[in-house]
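This briefing describes a predicted model and is meant to be read beside the sequence and the coordinates. Topics are grouped so that each can be followed in the viewer.

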Amino acid sequence: MASIVGFHQHPSDTLRVGKGFSLAAVDPDATPGYSGNKADGEALLADLDGKLTEMQEKLFAESRFGGKKRILLVLQAMDTAGKGGIVNHVMATMDPQGVQFKAFKAPSEQEKSYDFLWRIEKEVPAAGMVGIFDRSHYEDVLIHRVHNWATPEEITRRYRAINEFEGRQADAGTRIVKVMLNISRDEQKSRLLARLDNPAKHWKYSSGDLKERAFWDDYMAAYQAAFDATSTAAAPWYVVPANKKWYARIAVQQLVMSALSDVRLEWPKAEFDVDIERELVARS
């Protein structure tokens, strides 16, 4: 049996947004830290599913006995970048009772009447949960900056509010993993055309995707500004090259597993005498 090809450099090191980071310098076709091919990546993904499942169960079990730890995975991307595939895979490997998923759409009229973080605060993961945001509070600095729906001063205020919000979450025991799936403009075009070529994918297509595509450069600048303002020690950003879907999936899997490892999980200790209970079971 062939050996499983792993990362020679961990995504938490190679993909993290740090000082001097330039989104324009990232190659969406690259596979940083990984020398294997698609088949290798898919084998690694499958090989580690069981470990990810066990770690999530341990997180959930801890919370049943007072544990306060939780994980929040934030996924941001241009349309067609593969957020749905990653969400489906991550959720498929986990016990549903330990997962909180929220896809944020355009805010309702009620939500618009409150500060932009109001609807976000209501969806943060509870203790023991893995929370997944498909889009997030970052829409309120990205699209608003691109379309000038908010003043520069308001955008700056929102950056500060986001950092404060994420800092509070971290203090409450939340390990935050913010991921931007980075595809190229040409790759997005190919994926949009593929949707149109497949009747089974027509429901995924929206003419709005094409309208936003016209602002590609503006969105890249908005992402860069958001990274500069909000990639913090408590809530770092990771930019994942996503032209190769298989690479994006194994990279995010590694980032989630790293987050679970960092919070140092332990199985709850039995509150009963195991030997006595084993004897009672044996006699039953």
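The points below cover the sheet, its strands, selected helices, one arginine and the cavities.

The model is a prediction. Its sheet is open and has 5 strands, paired in parallel and ordered E2-E3-E1-E4-E5. The structure also holds 2 cavities of 30 Å³ or more.

**Sheet layout**

- The edges of the sheet are taken by strand E2 (99-103) and strand E5 (237-241); each has a single partner strand, so one side of each is left without a neighbour in the sheet.
- On average, and with direction ignored, neighbouring strands of this sheet are turned by 20° against each other.
- E2 and E3 run parallel and are joined by 5 bridges; within this pairing, Lys102 has Phe133 in E3 as its bridge partner.
- E1 and E3 also run parallel, with 5 bridges joining them, and Ile71 stands opposite Val130 in E3.
- E1 is joined to E4 by 8 bridges, again in a parallel run; the bridge partner of Arg70 in E4 is Thr174.
- Strand E4 (residues 174-182) pairs with E5 in the parallel sense over 5 bridges, and Val179 has Tyr238 in E5 as its bridge partner.

**Burial of strands E3 and E4**

- Strand E3 (residues 130-134) has 5 of its 5 residues buried, so it is largely enclosed by the rest of the structure.
- Cover is found on both faces of E3: Val130, Ile132 and Asp134 lie on one side, Gly131 and Phe133 on the other, and all are buried.
- For E4, 9 of the 9 residues are buried, and this strand is therefore largely enclosed by the rest of the structure.
- Thr174, Ile176, Lys178, Met180 and Asn182 point one way from E4, whereas Arg175, Val177, Val179 and Leu181 point the other way; all are buried.
- Thr174 thus appears in two roles: it is the bridge partner of Arg70, and it is one of the buried residues of E4.

**Helix H6 and its surroundings**

- Helix H6 (residues 139-146) is mostly covered, with 7 of its 8 residues buried.
- The buried residues of H6 are Glu139, Asp140, Val141, Leu142, Ile143, His144 and Val146.
- These buried residues pack against strand E1 (70-77), helix H5 (118-121), H7, helix H9 (207-213) and helix H10 (216-230).
- Asn148 follows H6 and has a positive phi, near 55°.

**Arg158 in helix H7**

- Arg158 is located in helix H7 (residues 152-171).
- Is Arg158 buried or exposed? Its relative accessibility is 11%, and Arg158 therefore counts as buried, because the cut-off for a buried residue is under 20%.
- With neighbours within four places in sequence left aside, Arg158 is in contact with Phe116, Asp140, Val141, His144 and Ala150.
- Among these contacts, Asp140, Val141 and His144 are also listed with the buried residues of H6.

**Helix H11**

- What span should the 18 residues of helix H11 (residues 245-262) have at 1.5 Å a residue? The expected span is 26 Å, and the end C-alpha atoms of H11 are 26 Å apart, which agrees.
- H11 is mostly covered, as 14 of its 18 residues are buried.
- Just after H11, Arg264 takes a positive phi of about 55°.

**Cavities**

- Of the 2 cavities of 30 Å³ or more, the largest has a volume of about 40 Å³.
- Which residues line the largest cavity? The lining consists of Leu52, Ile86, His89, Val90, Arg249 and Gln253.
- Helix H3 (83-92) and H11 each supply at least two residues of this lining.
- H3 gives the most to the lining of the largest cavity, with 3 residues.

Conventions. Residues numbered from 1 in each chain as written. Predicted model: local features only at pLDDT ≥ 70, side-chain atom pairs only at ≥ 80, totals over all residues. Heavy atoms only, no water. Helix = DSSP H or I, 4+ residues; strand = E, 2+ residues; numbered from the N terminus. Buried < 20%, exposed > 50% of the residue type's maximum accessible area, 1.4 Å probe, protein only. Contact = heavy atoms within 4.5 Å. Expected span 1.5 Å × (residues − 1). Pairing = 2+ DSSP bridges. Axes fitted to C-alpha atoms, helices over the stretch in contact; angles between N-to-C directions. 1 Å grid on protein atoms, 1.4 Å probe; cavity = no way out; pocket = protein on both sides within 12 Å on 5 of 7 lines; lining within 4 Å. Points joined across faces, edges and corners; volume = space filled by probe spheres on them.
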